[in-house]
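Grab a pencil and have a go at these exercises on the pockets of a protein. Try each task yourself before you read the solution.

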Amino acid sequence: RLVKVENMKRLLRPSLSRAVSKRPIRRLHATGSDLNKQQMAHAAADAEPVQVVLNTTSTSTKPRVVPDFIINHVAPTHSGSAWLQSKRLSEKEAYGEASLEGGYKQFREDIRNIVPDSRVFTDPVRTLAYGTDASFYRLVPKIVVKVHDEAEMIKLVQYAAKNKTPVTFRAGGTSLSGQAITDSILLKLGHTWRYRKIWDDGKYITVEPGWILGQVNRMLAPYGRKLGPDPSSIDSCWIGGVVANNSSGMCCGVAQNTYHTIKDLRIVFHDGTILDTADSVSWASFQRTHKHIVDGVMQLAKQVKADEELSALIRKKFSIKCTTGYSINALVDFDEPLEIIKHLMVGSEGTLGFVSRATYNTVPDYKDKASAFIVFPTVEDASNATWELRKAKCTDAVELMDRRSLRTCENMEHLHFFERNSRYCNGTSC
């Protein structure tokens with residue numbers, strides 16, 4: 001029942017607990033029985049009309065007035081409040097497995113006998129934690145599964161295909177572009193993917209995706225070898241991501257990236273089929289069971305090669321660092337379907353299959369290395385020198401820093417030689 005109170009005497013009845021006016025008034029936190037007549041008279045003089053709502057029922061046909069204030073937990077009638085109140089009463093909040101629906105619920109049931117519950121996460125805290133990588137994106141997965149070996153991965157991929165639930169593979173999670181996150185099912189590799197084999201005096205190494213790139217290089221150090229890719233996250237990124245993202249780095253450029261230094265791959269396809277490109281028996285079996293894939297890839301390669309302008313554009317595009325999209329340069333670089341499929345997998349970010357093992361051609365790790373810092377009068381002079389160094393093929397990397405970059409560190413300790421060279425600088429060009 002809505003009551004409009006015109007004075008404080010009527011407001012201060014024991015049946016009401018509190019009231020609020022539209023402007024500050026004298027607030028009396030007591031019932032009428034606790035006040036003497038003089039106090040109530042002063043209160044009535046200061047009072048202004050207020051609107052309150054009583055938690056009672058009424059059959060009045062008078063239009064309802066929007067209350068200023070909630071009494072006895074009666075919700076206001078502003079926009080959306082009725083919907084929110086009914087939702088809270090009719091729906092219970094669901095978290096974890098209780099929130100799974102459709103294919104995700106069935107997927108969770110299907111994998112109970114494959115992966116123990118201790119390695120399956122559906123709770124809000126851990127799924128939120130796995131909802132981001134080194135990028136600034138966030139997608140909270142519905143299910144996170146820590147996968148320990150290839151046999152588990154095959155079953156998980158098969159059940160995901162059966163239930164039509166997309167999966168994303170995650171290794172070290174050092175991606176800067178969100179490749180390792182999903183709002184569906186996240187298959188996280190554990191630290192159990194640690195197979196390794198070094199052969200032919202360190203010229204080749206076969207590793208599983210759970211190794212950190214820096215660890216692999218330390219294994220190869222006694223042979224004077226290393227892997228070609230050298231990303232800045234070398235001591236935290238895993239081999240799984242190095243292959244899936246076609247990692248390169250500052251010094252390896254294009255010539256020594258994963259695409260150009262990979263020798264063989266062991267691939268798990270969407271239906272659980274294994275293709276080991278180093279095994280002729282595996283390749284022969286794949287040609288029989290997945291002939292449509294082999295024929296399709298060869299048809300694509302034929303179409304691209306028939307277009308000379310397109311082929312030239314692809315070669316030009318991939319002659320510089322480029323990890324956007326699939327490695328379609330494989331369609332013009334190779335003639336054999338095995339080599340095309342193998343190199344298409346590199347940089348596909350898990351969308352074409354899961355790489356459970358990779359064999360790399362290693363590169364020399366020179367004992368003696370040197371670097372130089374050269375100050376030029378202008379950016380044009382620095383660019384011309386860079387071009388000459390490239391033609392001479394005597395350096396692995398050249399980085400150009402403009403005057404603004406130099407200004408950020410020129411006053412640091414041991415860098416005072418900038419001041420001596422400043423007279424050769426042309427304004428902001430140096």
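Two exercises follow, both worked on a predicted model.

**Exercise 1.** Find the volume of the largest pocket, then work out which residues and elements line it.

*Solution.*
Step 1: Start with the volume, which comes to about 1900 Å³ for the largest pocket.
Step 2: Go to the centre of this pocket. Its lining has 46 residues, and the closest to the centre are Thr395, Asp396, Ala397, Val398 and Glu399.
Step 3: Now look for helices and strands. Strand E13 (363-364) and helix H15 (379-392) each bring at least two residues to the lining. H15 gives the most, with six residues.
Step 4: Sort the lining by class, and you get 26 nonpolar, ten polar and ten charged residues.

**Exercise 2.** Do the same for the second largest pocket: what is its volume, and which residues lie nearest its centre?

*Solution.*
Step 1: The volume here is about 760 Å³.
Step 2: Lining this second pocket are 38 residues, and nearest the centre you'll find Ser175, Gln179, Gly241, Asn245 and Ser247.
Step 3: Three elements each supply at least two lining residues: strand E5 (167-170), helix H8 (239-244) and strand E12 (354-361). H8 has the largest share, at five residues.
Step 4: Split by class, the lining of the second largest pocket holds 15 nonpolar, 20 polar and three charged residues.

Terms used
Residues numbered from 1 in each chain as written. Predicted model: local features only at pLDDT ≥ 70, side-chain atom pairs only at ≥ 80, totals over all residues. Heavy atoms only, no water. 1 Å grid on protein atoms, 1.4 Å probe; cavity = no way out; pocket = protein on both sides within 12 Å on 5 of 7 lines; lining within 4 Å. Points joined across faces, edges and corners; volume = space filled by probe spheres on them. Helix = DSSP H or I, 4+ residues; strand = E, 2+ residues; numbered from the N terminus. Nonpolar A, V, L, I, M, F, W, Y, C, P; charged D, E, K, R; others polar.
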